[in-house]
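Dear colleague,

Please find below the structure I am handing over to you, with its sequence. My findings follow after it.

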Amino acid sequence: MVNEYIKHWTRLTVLSSHISQSLSISMASSEKEAALAAVPSDSPTIFDKIINKEIPSTIVFEDDKVLAFRDISPQAPTHILIIPKVKDGLSGLSKAEERHTEILGQLLYAAKLIAKQEGLDDGFRVVINDGPSGCQSVYHLHVHLLGGRQMNWPPG
């Protein structure tokens, strides 16, 4: 009976591992495709519509400079996007200038506050994708706050 249980458990573990890997590959492919299809631009983005409350989102943090909301396609149990409310030419990190240092710091500090609020006491990851090869799909600088599971290294 115990041996039979172990066999079933092993099969389920292997099967769930394969399913999980295929879902990750499929998700990664669609994210990559979206990034390659996106056209780098300073035009308004979906994030501008979220800032203006034209599109609903689950907001978890907001102050006068920063807005944070849950990602609609989470890659971890906690996946939050943190954005500056004013784009000011920051379509991506590679567009940052010295005048952006304050908002860049505020985005990272907001990530720390949100991680604490979300109970990510064991750690979290902060990611900024930049450009097509960096898998950026929305050209409005944004920070991904990921947590709630063990992260792997190297990423991507």
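I begin with one residue contact between strands: V127 stands opposite H144, which belongs to β5. Please note that this is a predicted model. The two strands concerned, β4 and β5 (residues 143–147), are paired in the antiparallel sense, and four bridges link them.

This pairing is part of an open sheet of five strands, whose order is β1-β2-β3-β5-β4 and whose pairing is antiparallel. The edges are taken by β1 (59–62) and β4 (124–127); each has a single partner strand, so one side of each remains without a neighbour in the sheet. On average, and with direction ignored, neighbouring strands of the sheet are turned by 20° against each other.

A helix is associated with this sheet. Helix α3 (residues 101–117) lies across β1, β2 (66–70), β3 (78–84), β4 and β5, and runs at about 150° to β3.

I also looked at the aromatic side chains. The count comes to one aromatic pair, with ring centres within 6.5 Å as the criterion. The pair is formed by F47 and F69 in an edge-to-face arrangement, with 5.6 Å from centre to centre and 70° between the planes. Because F47 lies in helix α2 (residues 46–51) and F69 in strand β2, the pair ties together parts that are 22 residues apart in sequence. Both F47 and F69 are buried.

With kind regards

Technical notes:
Residues numbered from 1 in each chain as written. Predicted model: local features only at pLDDT ≥ 70, side-chain atom pairs only at ≥ 80, totals over all residues. Heavy atoms only, no water. Pairing = 2+ DSSP bridges. Axes fitted to C-alpha atoms, helices over the stretch in contact; angles between N-to-C directions. Contact = heavy atoms within 4.5 Å. Phe/Tyr/Trp six-rings, centres within 6.5 Å; stacked < 30°, edge-to-face > 60°. Buried < 20%, exposed > 50% of the residue type's maximum accessible area, 1.4 Å probe, protein only.
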